Amino acid sequence: MITAHGLTKRYGPRTVVDDVSFTLEPGTVTGFLGPNGAGKSTTLRMLTGLVPVSAGSALVDGRPYAGLPNPGAVVGTLLDASAVHPGRTGRAHLRLLADAVGVARPRVEEVLALVGLADAGGRRIGGYSLGMRQRLGIAGALLADPPVLVFDEPANGLDPEGIRWLRDLLRGHAARGGTVLLSSHLLGEVEHTVDRLLVIGQGRMVADGSVATLLGAEGAVVRAADPARLAAALEAAGLPVRHGDDGALVVPGADPAAVGAVAAAGGHALVDLRPVSRHLEDLFFSLTA
Ligand SMILES: Nc1ncnc2c1ncn2[C@@H]1O[C@H](COP(=O)(O)OP(=O)(O)OP(=O)(O)O)[C@@H](O)[C@H]1O
């Protein structure tokens with residue numbers, strides 16, 4: 001469980017995180033979204049004790065990060081995947097981390113395999129690609145199998161296969177009762193990974209809700225063998241229609257089931273019927289503009 005209450009960070013006269021509050025429950029993946037400079041990293045750094053808070057509190061399992069008996073065993077962090085010694089091998093790096101958090105050496109081989117670096121563990125990190133460094137950072141976060149994961153931009157440098165792997169990893173962690181908080185710019189990716197979105201703009205929370213609530217279905221799009229006849233039937237049923245440029249009919253605010261019922265009642269052959277959902281990018285820009 002992660003709790004932020006009135007979390008605030010000031011640098012001189014500037015307030016870069018302003019009165020941010022949220023509670024993240026076990027079994028959930030939460031996406032933390034916002035444009036560059038919105039305050040995402042600073043918030044994650046306050047949660048993990050790397051940046052002192054100016055006001056408010058950031059608690060993990062009811063305690064500040066620094067007050068946890070063995071923080072690494074409770075919170076797995078990925079905050080700057082480039083902050084590793086390039087001359088060390090991936091395996092040596094993880095062994096040092098394992099010693100620091102009190103994890104037995106065989107676990108290093110397990111996490112190397114888990115992140116797909118089993119064959120690269122003996123190579124120097126300086127020769128790793130960005131995606132491999134990202135995987136190494138994730139391996140480090142998973143070493144002690146902590147219940148809470150706090151990842152800053154974990155999809156950075158990952159290819160599409162890597163992004164899918166990351167999604168499965170994070171969803172699996174939550175399914176086993178873990179709590180996951182990740183920040184991202186890859187909005188389309190987050191949409192399919194998270195249960196809940198926290199959106200921050202200029203240091204302030206501008207939205208907090210489930211993906212379904214925030215993106216909410218905004219109507220139906222339907223294609224019919226005879227679009228003009230279906231459009232007339234929908235209008236007659238009190239469902240105003242907009243004509244798309246490719247023959248599709250857009251029915252704003254309508255449940256697709258209602259559109260389907262009108263079509264069935266009139267014997268209209270349909271080619272396609274779907275909800276139109278608001279795209280995450282649209283939400284993002286409308287909230288943080
Ligand atoms: N040590 C610091 N001293 C002064 N200002 C800082 C410091 N660290 C961050 N800031 C400022 O705080 C604001 C928020 O930065 P932060 O890195 O948290 O944003 P972000 O949402 O993570 O952005 P990005 O997506 O670009 O990583 C920025 O304006 C940044 O310049």
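## Exercises on domains, ligand shell and helix packing

The chain of this predicted model is divided into domain 1, which covers 2-214, and domain 2, which covers 216-288.

**Exercise 1.** State how far apart the C-alpha centres of domain 1 and domain 2 lie.

*Solution.* Begin with the bounds, which are 2-214 for domain 1 and 216-288 for domain 2. The C-alpha centres of these two domains are then found to lie 40 Å apart.

**Exercise 2.** List the residues around the ligand, divide them by class, and name the helix that gives the most to this shell.

*Solution.* Going along the chain, the residues around the ligand are Tyr11 and Val16, then Gly34, and then Asn36, Gly37, Ala38, Gly39, Lys40, Ser41 and Thr42. Sorted by class, the shell holds three nonpolar residues, six polar residues and one charged residue. Helix α1, made of residues 40-47, gives the most to the shell, contributing three residues.

**Exercise 3.** Work out how the axes of helix α3 (residues 90-101) and helix α5 (residues 130-142) are arranged, and which residues make the contact.

*Solution.* The two axes come within 10 Å and cross at roughly 25°. Angles under 35 degrees count as roughly parallel, and α3 and α5 are therefore roughly parallel to each other. The crossing of these helices, α3 and α5, is right-handed. On the side of α3 the contact is made by Gly90, His93, Leu94 and Leu97, and on the side of α5 by Leu136, Ala139 and Gly140. By class, this contact of α3 with α5 has four nonpolar and three polar residues, with no charged residues.

**Exercise 4.** Repeat the reasoning for α3 and helix α4 (residues 106-114), beginning with the angle at which they pack.

*Solution.* The axes of α3 and α4 are 9 Å apart, and the helices pack at an angle of about 125°. It follows that α3 and α4 are oblique to each other, and α3 passes α4 in a right-handed crossing. Gly90, Arg91, Leu94, Arg95 and Ala98 of α3 make the contact with Arg107, Val108, Val111 and Leu112 of α4. Sorted by class, the contact of α3 with α4 has five nonpolar, one polar and three charged residues.

Key:
Residues are numbered from 1 along each chain as its sequence is written. This is a predicted model: local features need pLDDT of at least 70, side-chain atom pairs count only at pLDDT 80 or more; totals for chains, interfaces and linings use all residues. A residue is near a molecule or strand if its C-beta atom, placed from the backbone, lies within 6 Å of it. Helices (H or I, at least four residues) and strands (E, at least two) are DSSP runs, numbered from the N terminus. Ala, Val, Leu, Ile, Met, Phe, Trp, Tyr, Cys and Pro count as nonpolar, Asp, Glu, Lys and Arg as charged, and the others, Gly among them, as polar. Axes are lines fitted to C-alpha atoms, for helices over the stretch in contact, and angles run from 0 to 180 degrees between N-to-C directions. Angles under 35 degrees count as roughly parallel, over 145 as roughly antiparallel, 65 to 115 as roughly perpendicular and the rest as oblique. A crossing is left-handed if the near helix is turned anticlockwise from the far one by less than a right angle, and right-handed if clockwise. Two residues are in contact if their C-beta atoms, placed from the backbone, lie within 7 Å. Domain bounds come from an automatic or database domain assignment.
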